[in-house]
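Let's take a walk around one lysine and the rings beside it. Have the structure open and follow along as we go.

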Amino acid sequence: MTIRDSYLCKRLALGMTQQEFASIAEVDEGIISLFERGEYINPVMFEKIKYNVENYIRSLKRDKYLTTRIIEETMMLQRQPEEERHQTLSHLIIHVAKLNMDMVNPRERDR
């Protein structure tokens with residue numbers, strides 16, 4: 001799976017348009033468009049996207065964070081070659097289990 005596909009899955013999991021995604025990444029919408037089409041973008045712009053998007057996702061409330069990761073990983077499974085799916089499936093199972101535990105034990109939600 002390409003890095004481009006990975007970030008497309010992140011954007012779709014967040015339910016964002018390219019414009020909204022560009023806003024949290026602190027880059028121009030055109031950069032996101034180029035990136036998603038697989039065209040060359042400056043490595044500095046890529047690092048900015050990577051840093052800002054990951055920080056944004058980590059800053060979400062726990063249930064939103066876990067739900068976003070579950071959606072992202074489900075989308076990734078559909079795009080990945082067979083040999084890459086095991087690691088993604090392991091992460092997916094962990095995130096589903098954490099979300100399930102939060103639902104069973106409300107005190108965990110506040111962590």
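Start at K10, which you'll find in helix α1, the stretch covering residues 3–14. Keep in mind that what you're looking at is a predicted model.

Is K10 buried or exposed? Its relative accessibility is 6%, and buried means under 20%, so K10 counts as buried.

Now, what does K10 touch? Skip the neighbours within four places in sequence, and the contacts of K10 are F21, V53, E54, I57, R69 and E72. With E54 there is also a polar contact: it joins the side chains of K10 and E54 at 2.9 Å. And K10 has a ring beneath it too: it lies over the face of Y7, 5.2 Å from the ring centre.

That brings us to Y7 and the rings. If you search the whole structure, you get three aromatic pairs. A pair of aromatic rings is described by how far apart the centres are and by the angle of the planes. Here are two pairs that involve Y7:

| Pair | Centre to centre | Angle between planes | Type |
|---|---|---|---|
| Y7 and F35 | 6.0 Å | 55° | tilted |
| Y7 and F46 | 6.2 Å | 80° | edge-to-face |

Both entries tie together distant parts of the chain. Y7 in helix α1 and F35 in helix α3 (residues 29–36) are 28 residues apart. For Y7 and F46, which sits in helix α4 (residues 43–59), the separation is 39 residues. Put the ring pairs together and Y7, F35 and F46 are linked into a cluster.

How about burial in this cluster? Y7 counts as buried because its relative accessibility is 7%. F46 is buried as well, with a relative accessible area of 17%. F35 is also buried, just like Y7.

Finally, zoom out to the helices themselves. Two packed helices are described by the angle between their axes and the distance between those axes. For α1 and α4, the axes come within 12 Å and cross at roughly 35°. The crossing of α1 past α4 is left-handed.

Which residues make this contact? From α1 it is I3, Y7, K10 and L14, while α4 brings F46, I49, K50, V53, E54, Y56 and I57. You've met several of these names already: Y7 and F46 form the edge-to-face ring pair, and K10 and E54 share the polar contact.

Methods:
Residues are numbered from 1 along each chain as its sequence is written. This is a predicted model: local features need pLDDT of at least 70, side-chain atom pairs count only at pLDDT 80 or more; totals for chains, interfaces and linings use all residues. Side-chain values use heavy atoms; hydrogens and water are left out. Helices (H or I, at least four residues) and strands (E, at least two) are DSSP runs, numbered from the N terminus. Buried means under 20% relative accessible area, exposed over 50%, partly exposed in between (1.4 Å probe, protein chains only). A polar contact is a pair of N or O atoms within 3.5 Å; within protein, one must be able to donate a hydrogen and the other to accept it, and residues adjacent in sequence count only if both atoms are side-chain atoms. Contact means heavy atoms within 4.5 Å. Rings of Phe, Tyr and Trp (its six-membered ring) pair if their centres lie within 6.5 Å; planes under 30 degrees apart count as stacked, over 60 as edge-to-face and the rest as tilted. A charge sits over a ring if NZ of Lys or CZ of Arg is within 6 Å of the ring centre and within 35 degrees of the ring normal. Axes are lines fitted to C-alpha atoms, for helices over the stretch in contact, and angles run from 0 to 180 degrees between N-to-C directions. A crossing is left-handed if the near helix is turned anticlockwise from the far one by less than a right angle, and right-handed if clockwise.
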